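Colleague: Please take a close look at one part of this model, the packing of its helices, and then place that part in its surroundings.

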Protein chains: 2
Amino acid sequence: MPDIKHFDPDSTLDQVVRLFWQRGAEVTGIAEVVQATGLSRSSLYATFGGKAQLQAAALGRYLERQSRPVFDALAADDRGVPAIDAFFERLVAARCRGEHARWGCLVTNTHATASGDLPGIRETLDHHHDALRAAMGAALEKARTKGQLRSGLDLEAAAEALTLQAYAVNLRSRAGAEAGLLLAGVRAVLDGFTTTEER
Amino acid sequence: MPDIKHFDPDSTLDQVVRLFWQRGAEVTGIAEVVQATGLSRSSLYATFGGKAQLQAAALGRYLERQSRPVFDALAADDRGVPAIDAFFERLVAARCRGEHARWGCLVTNTHATASGDLPGIRETLDHHHDALRAAMGAALEKARTKGQLRSGLDLEAAAEALTLQAYAVNLRSRAGAEAGLLLAGVRAVLDGFTTTEER
DNA sequence: TCTATCTTGGAACGACTATTCCAAGATAGA
DNA sequence: TCTATCTTGGAATAGTCGTTCCAAGATAGA
């Protein structure tokens, strides 16, 4: 009996992600969302329920579509240190070149913007952090079995360090940092973890 | 002949810095500034000239009062690696404990929030980055002369890496990251740069 | 075709935003 | 004390914020 939606909520959320990612969620008004998506306030509120929930949904979508595939690729890559190196090469390239250049990372940006008053956001940030650290840890373990790592290296701490580097890359790239400089910094860290120069 | 200001612009700016630092500059309204400082809109606009300029002034003040003293202390510390270690210990402590706990760093936060449309902001961010990297570099050079560093270490890249770690500490601490975890990550990087464990 | 039920466009809401304006108050030299 | 010149409080501006509401439109089963 009822009518059905005249638009695709899924692709709409993707558009919202792009908007929040590039411009910043907090400073992006509903009017901009309306204009970017082309649909009306009614449909927007009926589907997503408000700005805060839309923000949370966009963050979740970003994590699922942008972050997780890359994390999974890292965790599944069996090469060890070269896998980590490839991860950062792709990361820096994505942050400094192409259509998403200077956009940074939505999750990283949210760290600085979300005032903690939004429920569930903090948990999502921690989940993102844990996921990346776990993927880093998995790659490091493979590197260890291959004898690529310095003896006595604390794998947990090393995984955390590399994860932190990724955040910094996201952050500085938004300010227009040079890709070469970012990569040099990352590789200095990675070199400190490895036995010899295998690059 | 004229009247003089009934307040101290200098201490007012300090109050504004605290406000922007803790709550975020973009989401903090003039009304909040008025309430926090106790003075009127007229005085505020006559003295600072508007939100954007107030934001720029606050950022500059933060850099001068908060960042630079710490950078200078790092650059002046002749101990080498222990100087860098002390820098991060103080950084993590300041970000995770005390009155500024979970506030992050105003400069770091600005990376994620400032939309690039504000003139002069980007230059300030780059200046901050260069200053910290230079201080790190100076400390690393002293460490090298003392024989504390691994042979073949690229000092420029190492300085950049440590600077990036500092950004990440600032960012993650705002989300409530554990001090111990952050320090472990930093020390993993530092350990990779040193010859032996001298801690 | 009729109708129950959902969706949609767009007007309207009050609360907020940054900024401007002006009369009233304060100051310091004459 | 007088006065020119600044500062100050606070009202008022136009615009935007997120949100709500309702009549009009669309849909799919009866």
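Modeller: I begin in chain B, where the axes of helix H6 (residues 106-113) and helix H8 (residues 155-174) come within 9 Å and cross at roughly 80° (axes are lines fitted to C-alpha atoms over the stretch in contact, and angles run from 0 to 180 degrees between N-to-C directions; helices are DSSP runs of H or I with at least four residues, strands are runs of E with at least two, and both are numbered from the N terminus). H6(B) is therefore roughly perpendicular to H8(B) (65 to 115 degrees; under 35 counts as roughly parallel, over 145 as roughly antiparallel, and the rest as oblique). On the H6(B) side the contact (heavy atoms within 4.5 Å) involves Thr108(B), Asn109(B) and His111(B), which meet Tyr167(B), Asn170(B), Leu171(B) and Arg174(B) of H8(B). Two of these residues are nonpolar, four polar and one charged (Ala, Val, Leu, Ile, Met, Phe, Trp, Tyr, Cys and Pro count as nonpolar, Asp, Glu, Lys and Arg as charged, and the others, Gly among them, as polar).

This is a predicted model, in which local features need pLDDT of at least 70 and side-chain atom pairs pLDDT 80 or more, whereas totals for chains, interfaces and linings use all residues. Residues are numbered from 1 along each chain as its sequence is written, chains are lettered from A and ligands numbered from 1 in the order in which they are written, and side-chain values use heavy atoms, without hydrogens and water.

H8(B) also packs across the chain boundary, against helix H9 (residues 179-193) of chain A, at an angle of about 90° and with the axes 7 Å apart, which means that H9(A) is roughly perpendicular to H8(B). From H9(A) this contact draws on Leu181(A), Leu182(A), Ala184(A), Gly185(A), Ala188(A) and Val189(A), and from H8(B) on Ala157(B), Ala158(B), Glu160(B), Ala161(B) and Leu164(B). Its residues comprise nine nonpolar, one polar and one charged.

Within chain A, the axes of helix H8 (residues 155-174) and H9(A) come within 10 Å and cross at roughly 175°, so H8(A) is roughly antiparallel to H9(A). Here Ala158(A), Ala161(A), Leu162(A), Gln165(A), Val169(A), Arg172(A) and Ser173(A) of H8(A) touch Leu182(A), Gly185(A), Val186(A), Val189(A), Leu190(A) and Phe193(A) of H9(A). The classes in this contact are nine nonpolar, three polar and one charged. Leu182(A), Gly185(A) and Val189(A) thus appear both here and in the contact with H8(B).

As for the surroundings, chain A has nine helices and zero strands, and its C-alpha trace spans about 65 × 35 × 30 Å along its principal axes. Chain B can be laid on chain A with an RMSD of 0.0 Å by a turn of 180° and a shift of 0.0 Å along the axis (a least-squares superposition on C-alpha atoms of residues with pLDDT of at least 70 in both), and the two copies are thus related as by a two-fold rotation axis. In chain B, the C-alpha nearest that axis belongs to Gly192(B), 1.9 Å away, and 100% of the contact residues of chain B recur in chain A.

Other helices face the nucleic acid: H2 (30-37) and H3 (41-48) of chain A, together with H3 (41-48) of chain B, each supply at least two residues of the surface near DNA strand D (near meaning a heavy atom within 4 Å). That surface has ten nonpolar, nine polar and six charged residues. One polar side-chain atom, of Ser42(B), lies 2.4 Å from a base oxygen of DNA strand D, while one of Lys5(B) lies 3.3 Å from a phosphate oxygen of DNA strand D (polar contacts pair N or O atoms within 3.5 Å).

Note on methods. A polar contact is a pair of N or O atoms within 3.5 Å; within protein, one must be able to donate a hydrogen and the other to accept it, and residues adjacent in sequence count only if both atoms are side-chain atoms.
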